[in-house]
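Thanks for coming. I will walk through one structure today, starting with a single buried position and then moving on to sheets and helices. Please have a look at the sequence and the model first.

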Amino acid sequence: MSDSLFIEIGTAQQQKYGEDCYGDTIYSKKIPDERRIISILSDGLGSGVKANILSSMTTRMAMKFVESNMELAHSSDIIMDALPICQIRKISYATFSVVDTELDGKTRVFEMDNPPFMMIRNGRPVNVRCRAISSEKWKNRTINISQITNQEEDRLILISDGVSQAGIGNHKYPLGWQRQGCLDFVLEKIRKNPHVSAAELAQNIVGEALNKEVNRRAGDDISCVVLYFRKPRKLLVLSGPPFDESRDREYAELVSDYDGKTAICGGTTANIVERELCLKCVIDKTSIDPNIPMCSIMDGVDLVTEGILTLTDVYRMLKEGIDTDRNNGATRLARLLLDSDRIDFVVGTKINIAHQDPNLPMELEIRRNIIKNIIRILQEKYLKETSVRYI
């Protein structure tokens, strides 16, 4: 990725009240070789399982067609042909919004029947011209195509009609919250916090839409995608001592020279940095947890944790979700990873004899394997850019 531009994607959803699954589907994919990111929001007809099938099929097909640069009108015909026919309304139907952006800022947006996307630049809404393409086969289907050259701090926001129609029919919002109401809310959020993350803004939008509903019971699936174009947030994670002790100084100086946040995982690693850089390291008594060793505080370092137990728990939370009720080293590190865009791991290769003890639980994998698992899930699930270096 370019040093000057990073695309953060934040999503949030709330299913219709009484349903067990989402009728809307959100799907994002990074294509590193082409320096592209594609994000899709589809709203299936109705709600529940049937709508989920329709929207899931639509997102998967749309991703395939957009990724291969297939002509959009033809692609939409194929999608409409493939979707099951609703026996009540006699139509096969799912809406979609697609953002196809390259990392130099060139972006295309394709929309069919979702509320029009919102673009915010310099804290103000931007009206983007679009051209309409009609399908010869499906006369009532029109795709709107917009092209944008994005700038740093731009935001693109996709919503399903569960957002714009939130609260519809009640005395305060007889016509629903509407797109303009959502846009006004977004502008106020950005005014108060110009660097609000994509994830937080998406959650705020869905939460506010839910507030418009009677008793906060969603009358439809509520979904939001936010793309935030900005400078990347960088994080350096050091874990494990170098294989050769003569490289301890070089290893420690990675922390002092790094242009971004830093985290140290492991007591031996922290001791090396403390010694080589003449820093003071003290126990952080606010991080007490019966299952995870306490953190430490070191000048110039954003987070200092224990090693293998903490990393193992971080991997679990990246798979299952962060434990919001805890404030231990694993939770702090997981949050730091998710709040970063480019994460550089430096892994020491000296074997820690303690972790070869056969009496220790089997899940305590060697540090390198745990970090490989963390890197994989950061790339695949969270679309983070990562690197790893062994020393």
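A residue counts as buried here when its relative accessible area is under 20%. Keep in mind that this is a predicted model.

With that cut-off, take I292. Is I292 buried or exposed? Its relative accessible area is 6%, which is under 20%, so I292 is buried. I292 sits in a loop, the one between β14 (281–283) and β15 (296–298). What does I292 touch, if we leave aside its neighbours within four places in sequence? I292 is in contact with L309, T310, D313, R326, N328, G329 and A330. There is also a C-alpha distance to note: I292 and T305 are 13 residues apart along the chain, and their C-alpha atoms are separated by 9.3 Å.

Now a strand, β17, residues 342–347. Six of its six residues are buried, so the strand is mostly covered. In a regular strand the side chains alternate between the two faces of the sheet. In β17, R342, D344 and V346 point one way, while I343, F345 and V347 point the other way. Both sets are buried.

Which strands does β17 pair with? One is β12, residues 234–239, which runs parallel to β17 and is joined to it by six bridges. Within that pairing, L235 has I343 of β17 as its bridge partner. Another is β18, residues 385–390, again parallel and again with six bridges to β17. There, V346 is bridged to R389 of β18.

Next, the antiparallel sheets. An open sheet of six strands follows the order β2-β3-β4-β5-β9-β8, with antiparallel pairing. Its edges are β2 (24–31) and β8 (130–134), each of which pairs on one side only. On average, neighbouring strands of this sheet are turned by 15° against each other, direction ignored. As an example of the pairing, β5 (residues 106–112) and β9 (residues 142–149) run antiparallel and are joined by six bridges. T107 has I148 of β9 as its bridge partner. Helix α1, residues 48–67, packs on this sheet and touches β2, β3 (36–44), β4 (94–102) and β5. The direction of α1 makes about 155° with that of β3.

An open sheet of five strands has the order β1-β11-β10-β6-β7, also with antiparallel pairing. The edge strands are β1 (6–14) and β7 (124–125), each pairing on one side only. Inside this sheet, β6 (residues 118–121) and β10 (residues 155–159) pair over three bridges in the antiparallel sense, and M119 has L156 of β10 as its bridge partner.

Helices α4 and α5 go with this sheet. Helix α4 lies across β6, β7 and β10 and runs at about 25° to β6. Helix α5 touches β1, β10 and β11 (222–230), and its direction makes about 25° with that of β1.

How do α4 and α5 meet each other? The axes of α4 (residues 178–192) and α5 (residues 198–212) come within 11 Å and cross at roughly 135°. The two helices are therefore oblique to each other, and their crossing is right-handed. On the α4 side the contact is made by C182, F185, V186, K189 and I190, and on the α5 side by L201, N204, I205 and E208. Sorted by type, the residues of this contact are six nonpolar, one polar and two charged.

Methods. Residues are numbered from 1 along each chain as its sequence is written. This is a predicted model: local features need pLDDT of at least 70, side-chain atom pairs count only at pLDDT 80 or more; totals for chains, interfaces and linings use all residues. Side-chain values use heavy atoms; hydrogens and water are left out. Buried means under 20% relative accessible area, exposed over 50%, partly exposed in between (1.4 Å probe, protein chains only). Helices (H or I, at least four residues) and strands (E, at least two) are DSSP runs, numbered from the N terminus. Two strands pair if DSSP finds at least two bridges between them. Axes are lines fitted to C-alpha atoms, for helices over the stretch in contact, and angles run from 0 to 180 degrees between N-to-C directions. Angles under 35 degrees count as roughly parallel, over 145 as roughly antiparallel, 65 to 115 as roughly perpendicular and the rest as oblique. A crossing is left-handed if the near helix is turned anticlockwise from the far one by less than a right angle, and right-handed if clockwise. Contact means heavy atoms within 4.5 Å. Ala, Val, Leu, Ile, Met, Phe, Trp, Tyr, Cys and Pro count as nonpolar, Asp, Glu, Lys and Arg as charged, and the others, Gly among them, as polar.
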